[in-house]
Amino acid sequence: MPWALETKRSAFGIAPVTPSSAFFVRNNLPAPNESIVANRDDWRFEVAGTKQNGSMTLGELKALPIHIVATVLQCSGNGRAYFSHHPSGSPWATGAAGCGLWTGVRVGDVIDKFGGSADNKLFLTATGAESLPEGVDPNSLVVERSVPVEKGLEDSLLVWEMNGEPLPLIHGGPLRLIVPGYFGVNNVKWVKRIALTVEESGASIQRSGYRFRDIGESGSPAHPSMYRMPVKSWINGPGADDSEPVNPGQHTLYGVAFSGEHGIKKVEISADGGKSWFEAQLVGPDLGPNAWRSFVYATELKLGTYRFVSRATDNTGETQPREATPNERGYAHNGWYDPALELKVITKQSRESKPELATSSATALAAIPPAAISLSPLAARGKDIFIGKAAPSCGVCHTLADAGSAGIIGPNFNQLKPSADQVFSAVSQGVGVMPSYSKQLTQDEMRALAAYLAEATSG
Ligand code: HEC
């Protein structure tokens, strides 16, 4: 199943590069097999939409001029947990973001090598090499994203190194697209094809997925795609996740601030919910307009409970709002109020250290043998739809012991134990690469499915 690993707040350091080992992971589909990084230089990808279409290997790519870019990668849903309407998807707080150093070549140079763009191309479209289950329309699942062609040619890179080491498989190795300053989904992993195209990809992850829209609306090409990341910041410590005792005395708060393509001008700190603000100090090297900037703020803390917030302003004057704009999928959270650092200042006591990655849905559990579950009439109807009517059938992608299914593309329901609301929302709207069923199932049928999953996984 696809991985979703969130970086713990206390695992973020003060220096502006996030170690690869602590970097969040968010995959839309299961990663390709390890074998694709066995001979990295042999990795071959296709180039299309140029005057002479063809293909090249990673080894050949390395002969083009090399560039290194620092950029934040952030999942569109980072901060989703703070929205009060409980959007479906991973409930990320602050940890679905990291800043990395990426080594590669400009997509523009690759395109030039193939004779330059063919006429009228408006998008750079990149395709990932994940394998797709049989019996499902590839367009509904394939991870293929398009970005405006100027962005694709001017500053996007095809990279093979992350933070000075070969790009790990889980982060898209051997070869990944980096679109600096754009949300994570555009930075396609395991690139097997790049193309200049007249239209945006027809894949649902582009057409309907990752679209910013009002609550209750389905995504469509009319809604803005998740491209540039707006200005954002948060405080990482000390004392996040109850990781270390915070004693009374002098302390230095630290955190990160970034704004896609714009760079950070200033960061302010408040301890009284935004009534008064104090300017923090930007520290360390400025790694460019797409990297995050570390900030520090020295303060004296007495015994008690604090709620510190930070508010960043970028070099174009864009400032974080107090609240993020509510939207169907909980994307692009950048309000300053919610991701506060809650601090209890107490006298010293020792605590155990915690692992760096919090698992939200990483461990695939084997199917639990079905207990005798008695279903309500509504849930029994839902079971028939789960097994029979829904096409593709839910079990193609999901594991559910009661239905005898063992799909590995989506979450294991015996482990996820979804609520009825969660199921209804996923089935009617679609989630990530999961298709929406609203055109083939009635509201009642979707409610029956929701009842079935809730009952079949309770207890
Ligand atoms: C083609 C594969 C596929 C099929 C078929 C499919 N799903 Fe999914 N489903 C997924 C994937 C992948 C995810 C994880 C999405 C993500 O978080 O990116 C998911 C997530 C979910 C979730 C969790 C949503 C959340 O809140 O995180 C629910 C509930 C769900 N699916 C229900 C269903 C039901 C019910 C059916 C059948 C009507 C179904 N799925 C059919 C692939 C599929």
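Biologist: Into which domains is the chain divided?
Modeller: This is a predicted model. Its chain is split by domain assignment. The parts are domain 1 (4-207), domain 2 (232-357) and domain 3 (377-456).

Biologist: How many residues of domain 1 are in contact with domain 3, and how many of domain 3 with domain 1?
Modeller: The C-alpha centres of domain 1 and domain 3 lie 30 Å apart. Contact here takes C-beta atoms within 7 Å. By that test, domain 1 gives 13 residues and domain 3 gives 14.

Biologist: Which elements give two or more residues to the side of domain 1 that touches domain 3?
Modeller: That side divides into seven nonpolar, six polar and no charged residues. Two or more residues come from each of these elements: α3 (138-141) and α5 (204-207).

Biologist: Which strands stand at the edges of the five-stranded open sheet?
Modeller: The strand order is β4-β3-β12-β7-β8, with mixed pairing. Each edge strand has a single partner, so one of its sides lacks a neighbour in the sheet. The edge strands are β4 (54-57) and β8 (144-148).

Biologist: By how many degrees are neighbouring strands of this sheet turned against each other on average?
Modeller: The sheet in question is the open one, β4-β3-β12-β7-β8. Direction is ignored in this angle. The average is 20 degrees.

Biologist: Which residue in β12 stands opposite Val 47?
Modeller: Strand β3 covers residues 44-48, and β12 covers residues 191-197. The two run parallel, joined by three bridges. Opposite Val 47, in β12, stands Ile 194.

Conventions
Residues numbered from 1 in each chain as written. Predicted model: local features only at pLDDT ≥ 70, side-chain atom pairs only at ≥ 80, totals over all residues. Domains from an automatic or database assignment. Contact = placed C-beta atoms within 7 Å. Helix = DSSP H or I, 4+ residues; strand = E, 2+ residues; numbered from the N terminus. Nonpolar A, V, L, I, M, F, W, Y, C, P; charged D, E, K, R; others polar. Pairing = 2+ DSSP bridges. Axes fitted to C-alpha atoms, helices over the stretch in contact; angles between N-to-C directions.
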